[in-house]
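Trainee: Please take me slowly through the salt bridges of this model, and place them in the setting of the rest of the chain.

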Amino acid sequence: MRPAGRGDRGRWPPALVLPLVGAAVFVALATAVAVRHGAPLPGDTAVHAWGLGHRPAVAVALARGFTATGTGPWPYLIVVAAGVIAGRGAGGRLRAVVAALAVLFAGQLVRTGLMELFARARPNRADWASHASGYAFPSGHTTTSAVTAGLLCWALTRRTRPDLARTACAVAVCWAVTVGATRAYLGVHWASDVVGGWLLASAWLGLSWWALARWLPPESLGAGGPGRTGLRTAHARRTSPGPEDMNGTGRSPGPEDTKGTGRSPGPEDTKGTGRSSGPEDTNGTATPYGPEDTNGTATAHGSDHPAHPHRTRPAD
């Protein structure tokens with residue numbers, strides 16, 4: 001890691017940009033809610049009226065089913081699963097589960113404290129199509145489901161293939177958005193309550209991701225997966241020549257090509273000349289000779305005639 005220099009002083013880490021932006025927008029929205037003493041903001045009444053006028057039985061049933069997954073045991077079960085995915089080995093999984101549950105639980109405490117602080121009233125109870133309790137701003141279901149989806153994406157991007165992680169994260173985000181939208185559709189929240197829940201969750205997730213990266217690095221959760229060190233390991237395996245390509249030529253030299261020339265010298269070509277030197281041609285010449293003709297002449301051993309009549313002529 002490059003040490004911080006003079007140019008880094010006063011510069012915010014890039015990982016903190018998202019929580020800072022989310023927090024700033026949330027503060028602006030919360031200020032507007034406080035200034036109006038909890039009264040509906042522009043657009044809240046129109047969204048509420050649209051939901052009241054579009055409530056077929058099937059849509060209401062589906063909305064109730066989705067909204068039920070944003071509270072109760074479901075978010076905690078999903079977060080536990082995210083911790084199991086993020087860690088490797090018993091110790092790594094335990095640390096990841098504890099860290100993910102701590103992020104969700106702490107986020108719930110922050111959200112509950114803000115709801116008590118602003119004490120915003122919900123819409124008229126006669127308009128509710130689902131059960132609700134407590135104050136309205138920010139929406140509890142919305143915040144909880146968004147934080148849960150963010151933690152699941154954190155785990156998936158660490159340990160699964162990029163294409164699978166993108167698909168799963170898209171599904172998780174759509175689920176969180178749907179849960180938030182159902183709260184306004186069922187009439188138990190103003191639309192600004194839902195937006196406030198999304199902004200609070202984005203700020204909390206950004207801060208949590210930054211903290212987890214500093215205090216819970218990938219190596220502390222076990223061996224790296226495809227999302228982190230596993231990619232580097234796989235790349236090293238692909239680029240290593242290995243025993244099957246020791247000379248880096250893309251093929252195996254093997255015993256049949258100990259010189260990497262593409263052919264086998266073998267015992268019949270111990271000098272790599274493309275022909276046999278053998279015992280009958282120990283000096284690599286083209287003429288055979290025997291033990292009685294060790295000087296490499298053109299006559300064959302044991303014969304009174306020349307070995308090659310066309311090359312020599314009889315003596316006069």
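Mentor: Buried residues, meaning those under 20% relative accessible area (exposed is over 50%, partly exposed in between, with a 1.4 Å probe and protein chains only), make up 36% of the 316 residues in the chain. This is a predicted model, in which local features need pLDDT of at least 70 and side-chain atom pairs count only at pLDDT 80 or more, while totals for chains, interfaces and linings use all residues. Residues are numbered from 1 along each chain as its sequence is written, and side-chain values use heavy atoms, with hydrogens and water left out.

The pLDDT, which is the predictor's confidence in each residue from 0 to 100, averages 77 for the chain, and 64% of the residues score at least 70. Over residues 267-316 pLDDT stays under 50, although the model has 40 contacts (heavy atoms within 4.5 Å) for that stretch beyond four places in sequence. Where pLDDT is low, the predicted coordinates should not be read in detail.

As for the fold, the chain has nine helices and zero strands, where helices (H or I, at least four residues) and strands (E, at least two) are DSSP runs numbered from the N terminus.

Turning to your request, the structure holds three salt bridges, each defined as a side-chain nitrogen of Lys or Arg within 4 Å of a carboxyl oxygen of Asp or Glu. Side chains of opposite charge can pair when their charged atoms come close. Arg120 forms one of these bridges with Asp44, the closest N and O atoms being 3.2 Å apart. Arg120 lies in the loop between α5 and α6, whereas Asp44 belongs to helix α2 (residues 44-53), so this pair ties together parts that are 76 residues apart in sequence. Both Arg120 and Asp44 are buried.

Arg120 also meets the side chain of Asp193 in a salt bridge, at 2.7 Å from N to O. Because Asp193 sits in helix α8 while Arg120 is in the loop between α5 and α6, this second pair ties together parts that are 73 residues apart in sequence. Asp193, like Arg120, is buried, and Asp44, Arg120 and Asp193 are linked in a network of salt bridges.

The remaining pair is Asp163 with Arg161, whose closest N and O atoms are 3.3 Å apart. Here Asp163 is partly exposed, with a relative accessible area of 39%, and Arg161 is also partly exposed, at 47%.

For the nonpolar surroundings, consider the cores, each a set of buried Ala, Val, Leu, Ile, Met, Phe, Trp, Tyr and Cys residues joined through side-chain atoms within 4.5 Å. The largest of them has 27 residues, and those with the most contacts inside it are Val147, Leu151 and Leu212. Helices α4 (73-86), α5 (89-118), α6 (140-159), α7 (162-185) and α8 (191-215) each supply at least two residues of this core, with α6 giving the most, nine residues. A second, separate core of nine residues includes Phe26, Val33, Leu114 and Leu199. Leaving aside neighbours within four places in sequence, Val147 is in contact with Leu104, Ala201, Trp204 and Leu205.
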